[in-house]
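Here is a short note for a colleague opening this entry for the first time. Please read it with the structure on screen.

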Amino acid sequence: MKSITFLLFALILSFSACKEQAAEKNSCCSTKPAMAQKTSGGMPETSLYQLNQQWKNQNGEPVQLSDFKGSPVVMTMIFTHCEYACPMMVNDLKMVEDQFTEKHQNVKFVLISFDHERDTPDRLLEYAKTQQLGENWVLLHGHAGKVKELAMVLDISYEQLENGAFAHANKKFVLNAQGELVFSQEGLQTKAEPVLKALNKLL
Amino acid sequence: MLIAGENNNKMIRYLGSWILAGLILSGVGLSAQEDMSLIPAGSYTPFIKGITEEVEVEGFLLDKYAVTNADFLEFVKANPDWSPENVKSLFADSGYLTHWPVNYLNDKDLESNMEPVVNVSWFAANAYCKWKGKRLPTLHEWEYAALALPKNDSDSAALTRINSDWYSRKTAVHAKVGSTYENQYGVWDMYGLVWEWVDNFNTVISNEDSRNNEDAPQGLFCGSASLNASDASDYVAFIRFAYRGSLKANYTTRKMGFRCAKTIK
């Protein structure tokens, strides 16, 4: 059993070592050029906007993530029947917005729902009203497969529970104008400053 | 010399079981799924007790073999977006298909290579299964199907033995699919060949709703969540779950392949 435990750690260590090295010199795993230099379709390869997915916003209009290209985005994933964590997440984001000045006018808040069954555009609109979310807030509804792909890209683990609710990681992200992840924050009742700082770097 | 009557009896039993299997399969409208096995509905207790103790798994179809290099080459030829040159780093890291020769498009050996494809990301595996009209198995489906003992083996420790031998091996030997063992559902190599992607590999395993800020995979590593383990002696399952928690969807490793599943309609 000891040898197995050792192997596990060896495995993890070699794995993380490989990743670090790859970031540094990109020498261990391949001869491909470094990620950041590569672009595709006029966008960085690591851009979230490479996800070619159709969503619907709270007004029932079709939306692609790449529609947000050009201005910074604060993004998170929620579901509206969530009683505890999600309202807190939204509240955290409102606290960020409270400190916005003129220069932040183009920043969008994008909330994507885990709940492809219940969070229809109508329901999302209702939620936006209840939560008093402004016009710079976009709530997105999409099919299960898209939700899964996006959650994978964002590295948000989640699972639908038997009662229809979702257990999920609480993460907030800042995307630059090209759709690349430049900042992430984990947890609830988080401070607004780090998010603002990340945004300000982009403005 | 064989006694004819006995032989006939065997033959009848043999045919009978196939006819029965055929009836079951055609009953669910899937008579032509020769490359997949029917995994009957049931329940199992996952390694980590979380949301529910016993998990119900509906009947589904699972590929008998992991996807091979030859299979995946066909996919890449039909879907150039997934070639090593074109794949975007959002969907696969720089290790993607690095074990393939540079001139893979004209490689005769690769065309007939029956080793499981590795160095593929979750996104690539997901896209392959979609292309085949299938999907990746869920974590519960995979674990449930993998619990089946080897064919003609009633020793409940058989799987632990296969796993321990496998994990203790120092080098990755890439054997062909169908070279380790066949389980009671007719599915090959669930253990002993490669690790396999599942649809929801990064599932939250904690039962703490979403209030817990700590990520489930980290909980696994620090050992706290192992208190939840349904069988504390099951180190091999621990490793499998912990390993899944360390993955991201664009990671590729030379030990990780996949197979596809299908919902019974």
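The points below go through a sheet, its helices, a loop residue and a nonpolar core.

1. **Status.** This is a predicted model. Please keep that in mind for every point here.

2. **The sheet in chain A.** Five strands of chain A make an open sheet, ordered β7-β6-β5-β10-β11. Their pairing is mixed. β7 (137-140) and β11 (181-186) of chain A are at the edges. Each has a single partner strand, so one side of each lacks a neighbour in the sheet. From one strand to the next, the twist averages 20°.

3. **The hairpin.** β10 (residues 171-175) of chain A pairs with β11(A) over five bridges, in the antiparallel sense. To find the register, look at K172(A): its bridge partner in β11(A) is Q185(A). The two strands form a hairpin, with five residues between them. In the turn, G179(A) has a positive phi of about 85°.

4. **A helix across the sheet.** Helix α5 of chain A covers residues 193-202. It lies across β5, β10 and β11 of chain A. Relative to β11(A), helix α5 of chain A runs at about 175°.

5. **Helix α4 of chain A.** This helix spans residues 144-154. Its buried residues are V147(A), K148(A), E149(A), L150(A), A151(A), M152(A) and V153(A). Note that K148(A) and E149(A) are on that list. What do the buried residues of α4(A) pack against? In chain A, they pack against β5 (73-78), β6 (108-113) and β8 (158-160). They also pack against α4 of chain B. Just after α4(A), D155(A) takes a positive phi of about 60°.

6. **A loop residue.** E102(A) sits in the loop between α2 (85-98) and β6 of chain A. Is E102(A) buried or exposed? A residue counts as exposed if 12 or fewer other C-beta atoms lie within 10 Å of its own. E102(A) has 5, so E102(A) is exposed. V174(A) is 72 residues away along the chain, and the C-alpha atoms of the two are separated by 18 Å.

7. **The largest nonpolar core.** This core holds 104 residues. Which of them touch the most other members? They are V120(B), A124(B) and A125(B). Helix α4 (residues 122-131) of chain B supplies the largest share of this core, seven residues. Leaving aside residues up to four places away in sequence, A125(B) touches V120(B), L136(B), W197(B) and F258(B).

Methods: Residues are numbered from 1 along each chain as its sequence is written. Chains are lettered from A and ligands numbered from 1 in the order in which they are written. This is a predicted model: local features need pLDDT of at least 70, side-chain atom pairs count only at pLDDT 80 or more; totals for chains, interfaces and linings use all residues. A nonpolar core is a set of buried Ala, Val, Leu, Ile, Met, Phe, Trp, Tyr and Cys residues joined through C-beta atoms within 7 Å. A residue is buried if 20 or more other C-beta atoms lie within 10 Å of its own, exposed if 12 or fewer, and partly exposed in between; C-beta atoms are placed from the backbone. Helices (H or I, at least four residues) and strands (E, at least two) are DSSP runs, numbered from the N terminus. Two residues are in contact if their C-beta atoms, placed from the backbone, lie within 7 Å. Two strands pair if DSSP finds at least two bridges between them. Axes are lines fitted to C-alpha atoms, for helices over the stretch in contact, and angles run from 0 to 180 degrees between N-to-C directions.
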